[in-house]
Amino acid sequence: MSSEIYKDIILDYYRNPRNFGDLQDPDVRAKDSNPLCGDIIEMQLKIKDGKVDDIRFKGKGCAISQASASMLTEAVKGKTLDEIKAMGKPNVLELLGIDPGPTRIKCALLGLKVLKLSVYGYLGQAVTDEVKQLV
Amino acid sequence: MVEKVTTINVSKLREDFPVLKRQVNGKPLIYFDNAATSQKPESVIETTDRYYREYNANIHRGIHKLAEEATLAHEEAREKIAKFINAKHTEEIIFTRNATEAINLVAYTWGRANIGKGDKIVLTIMEHHSNIVPWQLLAQEKGANVEYVKIDNGGLLRLDEVHELIDERTKIVCVTQASNVLGTINPVKEIGKVAHRYGAMFLVDAAQSVPHMRVDVRDTDSDFFAFSGHKMLGPTGIGVLHGKSEHLRRMPPFLGGGEMIREVHTTGASWKDIPYKYEAGTPNIVGAIGLGTAVDYLSKIGMENVHEHEREISKYAIGRMSEVKDLTLYGPRDIAQRVGVLSFNLGDIHAHDLASILDEEGIAIRSGHHCAQPLMEFLNVPAMSRASFYIYNTKEEVDVFINALEKARKLFAR
């Protein structure tokens with residue numbers, strides 16, 4: 001019973017999402033949806049010394065969107081805001097371990113978009129076109 | 001009385017569709033996304049190819065051999081389509097880009113001239129966005145109201161609400177003949193009678209019915225009847241609006257430009273008679289000719305046979321799907337009241353995940369809101385998967401589909 005896209009690790013993160021839920025008094029939160037399928041992701045961050053001190057996500061949607069958001073929250077803990085600003089599609093593909101293909105890539109990138117929206121929101125900076133075009 | 005139908009020889013018919021020989025992800029293609037668009041037979045592909053190779057020319061005005069042949073072929077297609085839907089007059093067939101444009105044509109021309117403040121436009125909750133948004137735009141502009149007939153738990157239109165909502169204020173009633181989500185076949189003739197009793201116009205969105213069943217615009221007595229060519233074996237970019245000629249003659253034109261005028265002066269212009277009044281600019285000539293060939297193909301099979309074949313496949317698929325654990329099927333259970341469109345959800349697997357897993361097995365289905373968000377909201381379901389059948393689909397394909405559903409269920413169950 002194998003599936004190219006739905007590797008065990010993705011299903012595991014979908015079934016048992018890490019860092020799922022709310023933070024107490026987050027420094028910033030952001031939310032966005034994928035208009036194609038209505039997937040929703042919200043992220044909440046605590047920032048300390050220019051780094052991600054703690055992070056949670058909430059959401060509803062397909063396995064790819066929820067798993068990739070959960071994986072991202074683990075990957076960025078302790079990272080600087082500049083490091084997150086520099087992240088892109090290759091980082092997400094590396095976390096997932098697969099390329100979900102042209103139609104599903106937006107599901108995978110929704111979490112990254114919301115993460116970046118949080119960072120730009122925290123810094124009070126205008127969101128770049130690169131971020132807007134992620135999903 | 002319908003004569004006894006002969007069954008379709010599907011394995012022979014499948015040879016007419018080149019794309020069905022394709023492999024997807026190493027598996028034979030199983031195309032169950034026919035409600036979105038159908039595949040094309042060799043004859044339609046050949047017809048469009050031949051137009052460009054042998055007699056490509058602009059129509060109606062050229063005084064040369066190629067223009068004559070192209071014009072003839074284009075107008076022959078109009079005649080075939082008129083006959084196919086039993087129109088009273090060939091000039092009642094207006095070529096558009098698709099059903100969406102056909103409905104917009106009515107909203108922009110008849111609607112703008114006839115809808116006023118406080119008037120009522122009656123739709124149903126199961127309409128495709130193409131039969132909702134044009135009316136919302138018109139209502140906003142004119143201060144009119146849009147109201148929706150709901151459905152019952154079995155996915156059938158509430159006829160009590162049809163009688164309740166349609167009244168003296170109602171100017172137009174717009175109903176889909178077959179739902180692209182639930183598959184429900186609506187009793188359009190009866191609804192039209194109610195509309196006409198109150199002096200309202202009656203528009204039928206036939207995008208999901210014309211490809212799959214015998215339709216008859218005279219029997220339906222619709223004022224307007226819209227459908228797309230690409231869902232019925234024809235090319236994309238060609239659609240049809242049928243309107244009763246007495247309305248079409250009275251209504252203002254749609255787009256202005258070449259082809260649709262009789263005379264143009266610096267002070268103004270006059271229009272050609274129908275259908276040309278509504279066909280500004282060089283039309284999709286090859287699309288119309290290709291659609292004519294698609295109509296030939298379907299006519300040769302016989303629409304009763306098409307419908308019967310799809311009923312048989314649907315009945316088989318519904319039976320097999322009811323054996324799949326955690327599967328929720330939407331729409332009427334009675335096969336006589338539906339076309340071959342089966343929308344469903346499998347446990348809590350997101351429709352997009354399911355479509356991806358099926359794609360890995362070479363199976364093409366649709367997933368999402370199916371351009372019917374008001375219906376999804378009404379049913380309180382964010383997304384559905386949809387399998388929709390056509391003449392070339394087989395029970396063996398349904399079996400492969402069921403196995404793939406089981407695989408998906410097991411994959412996500414762990």
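Here is a chat about the contact between two chains and the pockets in this predicted model.

Colleague: What makes the pair B:Asp353 and A:Arg104 a salt bridge?

Modeller: The cut-off is 4 Å between a side-chain nitrogen of Lys or Arg and a carboxyl oxygen of Asp or Glu. For B:Asp353 and A:Arg104, the closest N and O atoms are 3.0 Å apart, so the pair counts. The rule finds 2 salt bridges across the interface of chain A and chain B.

Colleague: Which helices of chain A each supply at least two residues of the side that touches chain B?

Modeller: Those are H1 (8-15) and H2 (63-76). H1(A) gives the largest share, 4 residues. By type, that side of chain A splits into 10 nonpolar, 3 polar and 5 charged residues.

Colleague: How do you know how much area is buried between chain A and chain B?

Modeller: You add up the accessible area that both parts lose on being put together. Here that comes to about 1500 Å², with carbon and sulfur atoms giving 53%. The contact takes 18 residues from chain A and 13 residues from chain B.

Colleague: Now the second largest pocket: why do you say that A:Cys37 and B:His350 line it?

Modeller: A lining residue has an atom within 4 Å of a pocket point. The pocket has 26 lining residues, and A:Cys37 and B:His350 are among those nearest its centre. Its volume is about 630 Å³.

Colleague: And what is the volume of the largest pocket?

Modeller: About 1000 Å³. H12(B) supplies the largest share of its lining, 5 residues.

How values were computed:
Residues are numbered from 1 along each chain as its sequence is written. Chains are lettered from A and ligands numbered from 1 in the order in which they are written. This is a predicted model: local features need pLDDT of at least 70, side-chain atom pairs count only at pLDDT 80 or more; totals for chains, interfaces and linings use all residues. Side-chain values use heavy atoms; hydrogens and water are left out. Contact means heavy atoms within 4.5 Å. Buried area is the accessible area (1.4 Å probe) that two parts lose on being put together, summed over both. Ala, Val, Leu, Ile, Met, Phe, Trp, Tyr, Cys and Pro count as nonpolar, Asp, Glu, Lys and Arg as charged, and the others, Gly among them, as polar. On a 1 Å grid over the protein atoms alone, a cavity is a set of points where a 1.4 Å probe fits but cannot get out, and a pocket is an open set with protein on both sides within 12 Å along at least five of seven lines; lining residues have an atom within 4 Å of a point. Grid points are joined across faces, edges and corners, and a volume is the space filled by probe spheres set on the points.
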